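Hi everyone, thanks for coming. I'd like to take you on a short walk through one structure today, so let me put it on the screen.

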Amino acid sequence: MNFFITGTDTEVGKTFFTALLLRTLRRAGIDAVGYKPIACGSWEDVDALVHASDCTESRHEVCAYHFGMPASPLTASWAEERAIEPERLIEGYEALKRRHEVVLVEGVGGWRVPITCTYSVADFATALALPVIVVVKNRLGAINHTLLTLESIARSGLECAGLVLNH
């Protein structure tokens with residue numbers, strides 16, 4: 001089963017959890033691969049997923065868009081004057097899905113982060129129609145952020161498959 005991994009915020013441990021789950025699945029003999037369709041800032045998160053997937057796919061297969069600026073995809077795309085095409089995000093997922101048994105899709109930032117002026121992480125996840133795993137940083141405010149994220153996921157018509165409380 002494929003999953004969409006989101007967080008209540010940025011820097012909550014989505015990549016750490018996704019890589020851990022990938023390594024666990026692969027050790028169990030399941031052909032699992034990570035997909036981080038948009039990365040802003042360094043290549044660190046993408047490289048972590050590439051390595052956790054035993055380098056079965058290149059950086060450019062795991063990440064459809066990379067921007068040097070550590071910002072929201074919308075802001076980074078404006079700064080670099082490169083438009084993000086939502087169809088390309090979906091096509092990247094579909095290509096990996098054809099080649100692998102399991103694809104773990106890691107979102108960027110939190111659930112409502114804008115990708116374009118009219119398309120958000122939530123819209124992308126809804127287009128994929130995958131069960132969602134929410135990573136939550138264990139800190140003050142976590143309950144509120146978690147409940148708001150869960151409400152928004154439910155309004156999108158998607159199932160929350162699990163919560164991960166990360167330290």
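Let's start just after helix α2, where Asp54 takes a positive phi of about 60°. Before I go further, please keep in mind that this is a predicted model.

Right next in the sequence, Cys55 has a phi near 55°, again a positive value in a residue other than glycine. Cys55 sits in the loop between α2 and α3. Is Cys55 buried or exposed, or something in between? The answer is partly exposed, with a relative accessible area of 47%.

Thr56 belongs to that loop between α2 and α3 too. Thr56 is partly exposed, at a relative accessible area of 35%. Its side chain reaches back to the backbone oxygen of Ser53, at 3.1 Å. If we set aside neighbours within four places in sequence, Thr56 is in contact with Arg26, Val33 and His100. For a sense of distance, Thr56 and Gly34 are 22 residues apart in sequence, yet their C-alpha atoms are 9.9 Å apart in space.

Moving along, we reach Arg59, which is found in helix α3. Arg59 is partly exposed, with a relative accessible area of 32%. Which residues does Arg59 contact, leaving aside those within four places in sequence? They are Trp43, Val46, Asp47 and Val50. The C-alpha atoms of Arg59 and Ala48 are separated by 9.9 Å, with their positions 11 residues apart along the chain.

Now let's turn to α2 itself. Within this helix, Val46, Leu49, Val50 and Ala52 are buried. What covers these buried residues? The cover includes helix α1, strands β2 (32-35) and β3 (38-40), helix α3 (59-62) and strand β5 (102-106). As a general reminder, an α-helix has 3.6 residues a turn, so residues three or four places apart point the same way.

Let me zoom in on one of those partners, α1. Helix α1 covers residues 14-27 and helix α2 covers residues 44-52; their axes come within 9 Å and cross at roughly 10°. That crossing angle makes α1 roughly parallel to α2. By class, the contact of the two helices has 5 nonpolar, 2 polar and 3 charged residues. Who is actually meeting whom? On the α1 side we have Thr15, Thr18, Ala19, Leu22, Arg23 and Arg26, and on the α2 side Asp45, Ala48, Leu49 and Ala52. You'll remember Arg26 as one of the residues that Thr56 contacts, and Leu49 and Ala52 were on our list of buried residues in α2.

Let's step back to the stretch leading into α1. In the loop between β1 (3-7) and α1 we find Glu11. Glu11 is not a glycine, but it has a positive phi of about 60°. This residue counts as exposed, at 66% relative accessibility.

From there I'd like to jump to Asn166, in strand β9 (residues 160-166). Asn166 is buried, with a relative accessible area of 15%. A polar atom of the Asn166 side chain lies 2.7 Å from the backbone oxygen of Val12. Not counting residues up to four places away in sequence, Asn166 touches Val12, Gly13, Phe16, Val135, Val136, Lys137 and Asn138.

Next, a topic I expect many of you care about at the bench: cysteines. How many disulfides does a search of the whole structure find? The count is 0. Take Cys63, which counts as buried at 3% relative accessibility. The closest cysteine sulfur to that of Cys63 is in Cys40, 8.4 Å away, and that is too far for a bond. Turn the view around and start from Cys40, and the closest cysteine sulfur is in Cys63, at that 8.4 Å.

One last stop, and then I'll take questions. Glu85 is in the loop between α4 (73-79) and α5 (86-99). Glu85 is partly exposed, with a relative accessible area of 46%. Along the chain Glu85 and Gly41 are 44 residues apart, and their C-alpha atoms are separated by 19 Å.

To recap with two pictures: α1 runs roughly parallel to α2, and the search for disulfides comes back with 0. Thanks for listening!

Conventions
Residues are numbered from 1 along each chain as its sequence is written. This is a predicted model: local features need pLDDT of at least 70, side-chain atom pairs count only at pLDDT 80 or more; totals for chains, interfaces and linings use all residues. Side-chain values use heavy atoms; hydrogens and water are left out. Axes are lines fitted to C-alpha atoms, for helices over the stretch in contact, and angles run from 0 to 180 degrees between N-to-C directions. Helices (H or I, at least four residues) and strands (E, at least two) are DSSP runs, numbered from the N terminus. Angles under 35 degrees count as roughly parallel, over 145 as roughly antiparallel, 65 to 115 as roughly perpendicular and the rest as oblique. Contact means heavy atoms within 4.5 Å. Ala, Val, Leu, Ile, Met, Phe, Trp, Tyr, Cys and Pro count as nonpolar, Asp, Glu, Lys and Arg as charged, and the others, Gly among them, as polar. Buried means under 20% relative accessible area, exposed over 50%, partly exposed in between (1.4 Å probe, protein chains only). A polar contact is a pair of N or O atoms within 3.5 Å; within protein, one must be able to donate a hydrogen and the other to accept it, and residues adjacent in sequence count only if both atoms are side-chain atoms. A disulfide is a pair of cysteine sulfur atoms within 2.5 Å.
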